[in-house]
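Let's take a walk through this fold together. Please have the viewer open and follow along as we go.

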Amino acid sequence: MDFKNVIFMTDLDGTLLTDDKRILDKDMEAIRRFQDGGGLFTTATGRGYAMARRIVEDVLHLEIPSVLFNGAGVYDFKQGKFLWQCEIGEIARDYIRRLNALFPETLGFEVLHEQTVYVPFINQTEQEHLEMEQVTPDRRPLDEIPEGGWLKFVIAAEPSKLDEVQKAVERGGFEQTQWVRSAPHYFECLPKGVDKSRGFAELIRILGAEKRFSVAAGDYMNDTAMIQKADLGCAVASAQPSVKQAADLIVCDNNSGAVAEIIDYIEKI
């Protein structure tokens, strides 16, 4: 297939990025070949601006906007501005307060604002996450976080504890938002009706790329909707079983050049 007819969006963590958060040379070479051939390449990540910037802007140097916040925002790093976003609303503050009361002093909470990471409650999992991503958060109390601009919040904890939190949410009282597990240690609250497929659709609209063949790749449950919506949905070999079931194509794992394999496949269609 001619790359000029394709738009390709990939997840970062667990898909394009290796387990130690690198992009393989073979993947970078394939991405550049795809772009040089006229293909539109970008990323869809659960990361917010602060955690995505050093990869999207400093390493990939993407020419087109990226989907951030698990679909709640489309951001153009070249222009330095949001082209589309969907806020979670003030109900999120109440949800954090209630969940913190149900699980006192055990959960870490990360409120992702447009370009700021607020952390009203912290635990070891959240501390390790911030250190790994080299992000300095704004550590202010929950009630002092400004209104407006909340695109999502993340609960960080050990997987067994998050299983308990997920069951509490599923019992009811938290229906005004969208919930998704984005990794074993993270449970996310998003605006109602928002996921990566929504962000991908908004990006395609912004670019006027509706006639292009769409490709999406991922590894975790927050990637499922995007994979299902794309013309070609791809899962890495290390993906969750449910994600593999949703995919049209399964390639090698994220440590072996999955994006390069997908681009090679596209070229042969």
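**Rings, strands and a pocket**

A good place to begin is a cluster in which ring pairs link Tyr95, Phe109, Phe121, Phe153, Phe174, Trp179 and Phe187. Keep in mind as you look that this is a predicted model.

Searching the whole structure turns up 15 aromatic pairs. One of them is formed by Phe109 and Phe121, which meet edge-to-face, with 5.9 Å from centre to centre and 70 degrees between the planes. That pair links distant parts of the chain: Phe109 belongs to strand S6 (residues 108–112) and Phe121 to strand S7 (residues 117–121), 12 residues apart. Are the two partners buried or exposed? Phe109 has 0% relative accessibility, so it counts as buried. Phe121 has a relative accessible area of 26%, above the 20% limit for buried, and is therefore partly exposed.

Another member of the cluster, Phe174, has a charged neighbour. The charged end of Arg98 sits over the ring of Phe174, 4.2 Å from its centre.

Now turn to the open space. Rolling a probe the size of a water molecule over the atoms shows where empty space is left. Here the largest pocket holds about 780 Å³ of space. Its lining is made up of 38 residues, and Asp13, Lys21, Ser182, Ala183 and Tyr186 lie nearest the centre. Elements giving two or more residues to this lining are S6, helix H4 (124–133), strand S8 (152–156), strand S9 (177–183) and strand S10 (186–191). Which element provides the largest share? That is H4, with 5 residues. By character, the lining residues of the largest pocket divide into 14 charged, 13 polar and 11 nonpolar.

Last, visit strand S4 (residues 73–76), where Gly73 and Tyr75 point one way, Val74 and Asp76 point the other way, and all are buried. In a regular strand, side chains alternate between the two faces of the sheet.

S4 has a partner in strand S3 (residues 66–68), and the two run antiparallel, joined by 3 bridges. In this pairing Leu68 stands opposite Gly73. S3 and S4 make a hairpin with 4 residues between them, and in its turn Phe69 has a positive phi of about 55 degrees.

S4 also pairs with strand S5 (residues 81–85), in the antiparallel sense over 4 bridges. Gly73 appears again here, standing opposite Gln85 in S5. The hairpin of S4 and S5 has 4 residues between the strands, and Gly80 takes a positive phi near 70 degrees.

Methods
Residues numbered from 1 in each chain as written. Predicted model: local features only at pLDDT ≥ 70, side-chain atom pairs only at ≥ 80, totals over all residues. Heavy atoms only, no water. Phe/Tyr/Trp six-rings, centres within 6.5 Å; stacked < 30°, edge-to-face > 60°. Buried < 20%, exposed > 50% of the residue type's maximum accessible area, 1.4 Å probe, protein only. Lys NZ or Arg CZ within 6 Å of the ring centre and 35° of its normal. 1 Å grid on protein atoms, 1.4 Å probe; cavity = no way out; pocket = protein on both sides within 12 Å on 5 of 7 lines; lining within 4 Å. Points joined across faces, edges and corners; volume = space filled by probe spheres on them. Nonpolar A, V, L, I, M, F, W, Y, C, P; charged D, E, K, R; others polar. Pairing = 2+ DSSP bridges.
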